[in-house]
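Trainee: I would like a close look at a single part of this model, together with what lies around it. Please pick a helix and take me through it step by step.

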Amino acid sequence: MQIYWTKINKIIEETPEVKTFLLDLPEGFTWEEGAHTHLALEGFNAGEQPNKSLVRHMSISTLPNEQTVGITTRIRELCSEFKSILRNLEVGDKVALFKIHSNVPLKREGKNVYLLSSGVGLATFRPLVLTYLERPDRINRLHSLNIDSSKDYLFTDVFESAPDKNFSSQYVDNRKVYYEEVKKLAADQDGLFYVVGSDEFILQNIDVLREQGIKPEQIVLDKRERQLPKFFSPETVV
């Protein structure tokens, strides 16, 4: 397993609780839209066994052509040891990256694609939107629906509706409105529905979509194949 040690180049305070850490792009480190990686803090591999409390699975919120690895995360006042250390890191500090994988690359099947997310889940979808805007072929239109009760909406510069490019973006601040909107989107019985958020959020979205007649193969989760049975019954996993 290759470990890429790199430095923090810039820290952006997106909202009072959300930060983006822009890391120097290590040589040979590449990924596609929707990818995630393992972010590790110094000391994670100092002992005989890796210290898993210093490692987290993180979405990459940038694309390779931006020449930086972006990690966007929510850090609350009361947080884990990992987040507490991360909050205090500064430009120039070292972190490690390893194991890259994408569960949610854009499917170009000539359909409408709907991105359903909660809060900082938009970090996973930011690269998908940028990729679509650069190359929209074989996607009819792209729509993002995000729920964030803080109303400190993320990446509003990217998630800005562009009717000329068949891209629309929508933010809501409560679950009632959010699920009403999901039901409206599900009227498109041929659409593809990407869902990112907590496990509870994902399960609720699947329930609503399935009730509206959306099939499991139309629902794309940021989960490895071995994790899917937790969200779909074994008979419905494809």
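Mentor: What follows is a walk around one helix, the sheet beside it and the core they share.

First, the ground rules. This is a predicted model in which local features need pLDDT of at least 70 and side-chain atom pairs count only at pLDDT 80 or more, while totals for chains, interfaces and linings use all residues. Residues are numbered from 1 along each chain as its sequence is written, and side-chain values use heavy atoms, with hydrogens and water left out.

Our helix is α2, residues 122–134; helices (H or I, at least four residues) and strands (E, at least two) are DSSP runs numbered from the N terminus. From its first C-alpha to its last, α2 reaches 18 Å over 13 residues, close to the 18 Å expected at 1.5 Å a residue. That expected span is 1.5 Å times one less than the number of residues.

Now for its surroundings. α2 is mostly covered, with 11 of its 13 residues buried, where buried means under 20% relative accessible area, exposed over 50% and partly exposed in between (1.4 Å probe, protein chains only). Among the buried ones are L122, F125, L128, L130 and Y132, and the buried set also includes T124, R126 and T131. The cover over these residues includes β4 (55–59), β5 (68–74), β7, β8, β9 and β10.

Much of that cover belongs to one sheet, so let us turn to it. Five strands line up as β9-β8-β7-β10-β11 in an open sheet with parallel pairing; two strands pair if DSSP finds at least two bridges between them. β9 (167–172) and β11 (219–221) each have a single partner strand and stand at the edges, so one side of each has no neighbour in the sheet. Direction ignored, neighbouring strands here are turned by 20° against each other on average. Inside the sheet, β7 (residues 111–118) and β8 (residues 139–147) run parallel and are joined by eight bridges. One example is N112, whose bridge partner in β8 is R141. α2 packs on this sheet, touching β7, β8, β9 and β10 (192–196), where contact means heavy atoms within 4.5 Å. The direction of α2 makes about 155° with that of β8; axes are lines fitted to C-alpha atoms, for helices over the stretch in contact, and angles run from 0 to 180 degrees between N-to-C directions. A second helix, α3 (residues 175–185), lies across β7, β8, β9 and β10 at about 165° to β8.

That brings us to the core. In soluble globular proteins, nonpolar side chains tend to be buried together. A nonpolar core here is a set of buried Ala, Val, Leu, Ile, Met, Phe, Trp, Tyr and Cys residues joined through side-chain atoms within 4.5 Å. The largest one has 26 residues, and V113, L115, L142, F159 and Y194 touch the most other members. β7, α2, β8, β9 and β10 each supply at least two residues of this core, and α2 gives the most, with seven. Y194 is a nice place to zoom in: not counting residues up to four places away in sequence, Y194 touches F125 and L128, and its other contacts include V113, L115 and V220. A second, separate core of 25 residues includes Y4, I8, A35 and L41.
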